[in-house]
Structure formats: structure tokens, C-alpha cells
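Subject: Structure handover

Hello,

Here is the structure for you to look through. Please open it first, then read my notes below.

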Amino acid sequence: MNTSYNKTKIKLIATASALFLGAFLAVAAPLKVGDAFPDLTQSGLEGTVPDIHGRVVLVDFFASWCHPCQESFPVMQELYQKYADKGLVIIAINLDKNKADMDDFLKSHPATFVILRDASNKLVSQVKIPTMPSSFLLDRDGKVHAFHRGFKGDETRKQYTEEIEALLK
Amino acid sequence: MKTRHLLLLALMAASGLLTGCVNVQPWERGNLADPTMSASNPLGGMMSEHMWFSREAASGGQGVGGGGCGCN
């Protein structure tokens, strides 16, 4: 009787723990290298989503209050000017609560690449970025080729250049 | 016995779901990143430094001149 009760108890605890762990992982799992990036046209983004089919895409998440994001913009602009003709698309996705903050940011950090706004945080909640800024480099199949956590100046710029050149070959 | 199991499950579920803790996600830290949230904003930092060097009779190290008399 006692052994049977203990077995049932252990089974119950194991099941409950597995359920909790499963639920936690399902919610907390961030996007990994090799995963397909969510469809930008289905993410409720403000702005015109470009056609990225068969293109190499750098998706960057930024906000006006994030200092490294300010440093990353001139570098992304430089990369865009250098590689746009070869097939690179850069999409910067803004996460400011107020659109006016984004507009002010863009006045002082002008960019000719695509700027979208994830006001509902739908996309960012799906990809679960661990820090600001974060960027995903997507290959021509729309899969994550590289993930960049933060922006570390020349180090990130060098990595971007190497990875983009390798994908554009 | 069954009631006990159900109670145990309910307690486990409650412990997981009824916590007051919230993780502020990296993209939700705009307010926290505001300069006015900084412990060392220019005005607040200057005032607390003034109180500190007056009370401790010590100054320097943070670019603040003057002695420890509390009169400056």
C-alpha cells in the first residue's frame, strides 16, 4: 500500500515537473542559428515590409534609448551602401514605446535601409532577444545564419562584413 | 488520497503561476534606461556628493573641490 502510494506520488511529481519545464521552455526558447526566421509580413509590423525572398537579410532590433544602437547605425548604413547592390537587405526594427522617440533617433542617425516598428512587440516576443541591440543575419533561405548579441564596435563590424561577404558569394 | 494528490498538484501549479515576479524583457527597459533613472544624474549626483563630503569631512575623487566644513 505504502509502496504503491509512493510510486503514484513520484509519477505525479515527475509529470507535473515535466509539464512545468515544457511550458517554461516553450515560452523562453529564443531563436537559434539554423531556425527559420518568423514571417515579417505576419508580425504586425508598422511600415512597408520589403520582399526578402532569396535575399541575404540583416534584421536588427533597436531602440532610441539604447546607446550601442546609436553606435550600430552608422556601421549598418556603411554596410548597406557597400552591399545593397549585391543583394543585402537591412531591416532595423524599432522597439520604442513612443513613435516620436524613434523619429527623433532617426533624425540624428539617418539611415537609408528599411526601418520598421514592432509597436505590439509581437515579433520580438517570438524571437526573444536577450539584449539590446540584437541582430540576426538571415541566409537566402530565410534561416538564421548568425546571431549578434549587442553591438561591440569594430568587432561586430568585422564579423558582419565576413558573414555578409560569405553569404553573398 | 486522491484529494491529497489534487491538492498537491494545485499547490505546485499555484507556486508556478501565482508569483509576483515579472521579468522585464530587454526591449522593455526604455524607462529604466532614461537618464533620470540614473543614480548619478548631474544634479542629484552633485547634491549627494555635497552632503557626503560635508558629513564625512572628506572630498575629492569625484571632481568636487572644497573642504569639509559644510559651509560651501
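Two strands pair if DSSP finds at least two bridges between them. Strand 1 (residues 56-62) and strand 4 of chain A pass that test, pairing in the antiparallel sense over five bridges. Keep in mind that this is a predicted model.

**The sheet of chain A**

Chain A has five helices and five strands. Read from the N terminus, its elements run α-β-α-β-α-β-α-β-β-α. The five strands form an open sheet in the order 3-2-1-4-5, with mixed pairing. Strand 3 (114-117) and strand 5 of chain A are the edge strands, and each pairs on one side only. From one strand to the next, the twist averages 20 degrees.

Two helices of chain A lie against these strands. Helix 2 of chain A packs on the sheet and touches strand 1 and strand 2 of chain A. The direction of helix 2 makes about 155 degrees with that of strand 2 of chain A. Helix 5 of chain A lies across strand 1, strand 2, strand 4 and strand 5 of chain A. Helix 5 runs at about 175 degrees to strand 5 of chain A.

**Strand 4 of chain A**

How many residues of strand 4 (residues 134-138) of chain A are buried? Five of its five residues are, so mostly covered is a fair label, given that buried means 20 or more other C-beta atoms within 10 Å of a residue's own. A:Ser134, A:Phe136 and A:Leu138 point one way from the strand. A:Ser135 and A:Leu137 point the other way.

Now look at the neighbors. Towards strand 1, A:Phe61 stands opposite A:Ser134 in strand 4 of chain A. A:Val59 stands opposite A:Phe136 in strand 4 of chain A. On strand 5 (residues 144-149) of chain A, the pairing with strand 4 is antiparallel too, over five bridges. There, A:Leu138 stands opposite A:Val144. Strand 4 and strand 5 of chain A form a hairpin with five residues between the strands. In that hairpin, A:Gly142 takes a positive phi near 80 degrees.

**The nonpolar core**

In soluble globular proteins, nonpolar side chains tend to be buried together. The largest nonpolar core here has 34 residues. Which residues have the most contacts inside it? They are A:Val59, A:Phe61 and A:Ala63. Several elements of chain A give two or more residues to this core, among them strand 1, strand 2 (88-94), helix 2 (67-83) and helix 5 (154-168). The largest share, six residues, comes from strand 1 of chain A.

A:Val59 deserves a click. Leaving out residues up to four places away in sequence, A:Val59 touches A:Phe37, A:Ile91, A:Ile93, A:Ser135, A:Phe136 and A:Leu138.

Two totals for chain A follow. Buried residues make up 28% of its 169 residues. Among its contacts with a separation of 6 or more, 74% join residues 24 or more positions apart.

**Chain B**

Chain B has two helices and zero strands. Of its 72 residues, 4% count as buried.

Helix 1 (residues 2-17) of chain B has 16 residues. Its first and last C-alpha atoms are 22 Å apart, close to the 22 Å expected at 1.5 Å a residue. Helix 1 of chain B is hardly covered, with zero buried residues.

Why should helix 2 (residues 42-56) of chain B span 21 Å? The expected span is 1.5 Å times one less than the number of residues, so the 15 residues of helix 2 should span 21 Å. Its end C-alpha atoms are 21 Å apart, which agrees. Helix 2 of chain B is hardly covered: one of its 15 residues is buried. B:Ala57 follows helix 2 of chain B and has a positive phi, near 55 degrees.

**Where the chains touch**

17 residues of chain A are in contact with 11 residues of chain B. On the chain A side, the largest share, four residues, comes from helix 1 (residues 2-28) of chain A. By class, that side has 13 nonpolar, two polar and two charged residues.

Best wishes

Key: Residues numbered from 1 in each chain as written. Chains lettered and ligands numbered in written order. Predicted model: local features only at pLDDT ≥ 70, side-chain atom pairs only at ≥ 80, totals over all residues. Contact = placed C-beta atoms within 7 Å. Nonpolar A, V, L, I, M, F, W, Y, C, P; charged D, E, K, R; others polar. Buried ≥ 20, exposed ≤ 12 C-beta atoms within 10 Å, placed from the backbone. Core = buried A, V, L, I, M, F, W, Y, C linked by C-beta atoms within 7 Å. Axes fitted to C-alpha atoms, helices over the stretch in contact; angles between N-to-C directions.
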